[in-house]
Amino acid sequence: MKKHNFSAGPSILPQEVFEKASQAVLDFNNSGLSILEISHRSKDFVAVMEEARILALELLGLQGKGYQALFLSGGASLEFVRVPYNLLTENGKAAYLDTGTWAAGAIKEAKRFGETNVIASSKADNYTYIPKDYSIPANADYFHCTSNNTIFGTQMHSFPETDVPVVCDMSSDIFSRELDFSKFSLIYAGAQKNMGPAGTTLVVVKEDILGKTGREIPGILDYAQHIAKESMYNTPPVFAVYTSLLTLQWLKNKGGIAAMEKLNDKKAALLYNEIDRNPLFTGTAHTEDRSKMNVTFLLKDEAHTEQFDRLWKEAGISGLNGHRSVGGYRASIYNAMPVESVQLLVDIMQEFEKKVL
Ligand SMILES: *Cc1c(COP(=O)(O)O)cnc(C)c1O
């Protein structure tokens, strides 16, 4: 039986994507070859890469606006390194917002390169909220933020207005909601949360911010070289890029980001309403900063853990355990998560309430 997968990542993808990807493993485009054995230089794969790059920009509303999309490897973690390498000038400084484990990881890497200022942090409160009172120094080379904090279940619902280039790690909420993406100079997202399987990272970069550091950049780390090579500087992760393309096509057919956002709002409301109503549960994030992708919550009485865990597992739910740094539960309700699965979880929480009270 197919489970209801609430895992934070790698995570659920649309069923039709699983089916099409499996078919391509057996026979890609009726070529008599598997997607796993074709050359990345073959006509069929070059077309996949081209379409994926264009479709990513199209869905974000960034086509023809000076941006390039790349499908790289090394995870979002490698972008923690590439970003300062490409944007931080020798004597310049970068401004970072510290909103969680991943943001802190990005900060750690940037510090190896140069002056990295953490202009606000919610670490002292175990990252339960998004800091809002901060200002970005006008002379910073860039400002880096994390739009959705996968582990702590918080999400930025507004972004600062600034003339400084904004860089954003959108790994866990890319393509989930409408934003004016042209306010960002660089966006990156590991595919395995909301776009595809592990193995590729989408990088969307405004070309005019590159080439200003005076730094000698190793080829594999240089966005400009990846752009010049049309995202084939080295052998791209062929299967991960293809499966990401299938997901982007699915998303477009469903009505694009606007349609996704409506569904995501509905799913998040359903679950948060239950967490707030049900006397046995409590949310972990400040209400105004709650994530619509990763819903974190606790049992008020941990003595009930075993009983609740048995219930949801028996219902075919998987991947609901919270990250060790928060504890409790985390329901990741990415784009591909059907409303029906969220409803099932709510039903289980209500059934649990009847049993306990
Ligand atoms: C998962 C995650 C990462 C790390 O991604 P990798 O692909 O494992 O390097 C970075 N940032 C955010 C917001 C994430 O959710």
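These questions and answers cover the ligand shell and Arg-177 in a predicted model.

Residues are numbered from 1 along each chain as its sequence is written. In this predicted model local features need pLDDT of at least 70, side-chain atom pairs count only at pLDDT 80 or more, totals for chains, interfaces and linings use all residues, and side-chain values use heavy atoms, with hydrogens and water left out.

Q: How many residues surround the ligand?
A: A residue belongs to the shell if one of its heavy atoms lies within 4 Å of the ligand. Among the closest are Ser-77 and Asp-169. The count is 13.

Q: Which element gives the largest share of the shell around the ligand?
A: Helices (H or I, at least four residues) are DSSP runs, numbered from the N terminus. Helix 3 (75-87) and helix 5 (191-194) each give two or more residues. The largest share, four residues, comes from helix 3.

Q: What distance separates an oxygen atom of the ligand from an N or O atom in the side chain of Lys-193?
A: Thr-150 places a polar side-chain atom 2.5 Å from a ligand oxygen. For Gln-192 the value is 2.9 Å. For Lys-193 it is 2.7 Å.

Q: Is Arg-177 buried or exposed?
A: Buried means under 20% relative accessible area, exposed over 50%, partly exposed in between (1.4 Å probe, protein chains only). Arg-177 sits in the loop between strand 8 (166-169) and strand 9 (186-190). Its relative accessibility is 10%, so Arg-177 counts as buried.

Q: Which backbone oxygen does the side chain of Arg-177 reach at 2.7 Å?
A: The Arg-177 side chain also lies 2.9 Å from the side chain of Asp-173. At 2.7 Å, the backbone oxygen belongs to Met-156.

Technical notes:
A polar contact is a pair of N or O atoms within 3.5 Å; within protein, one must be able to donate a hydrogen and the other to accept it, and residues adjacent in sequence count only if both atoms are side-chain atoms.
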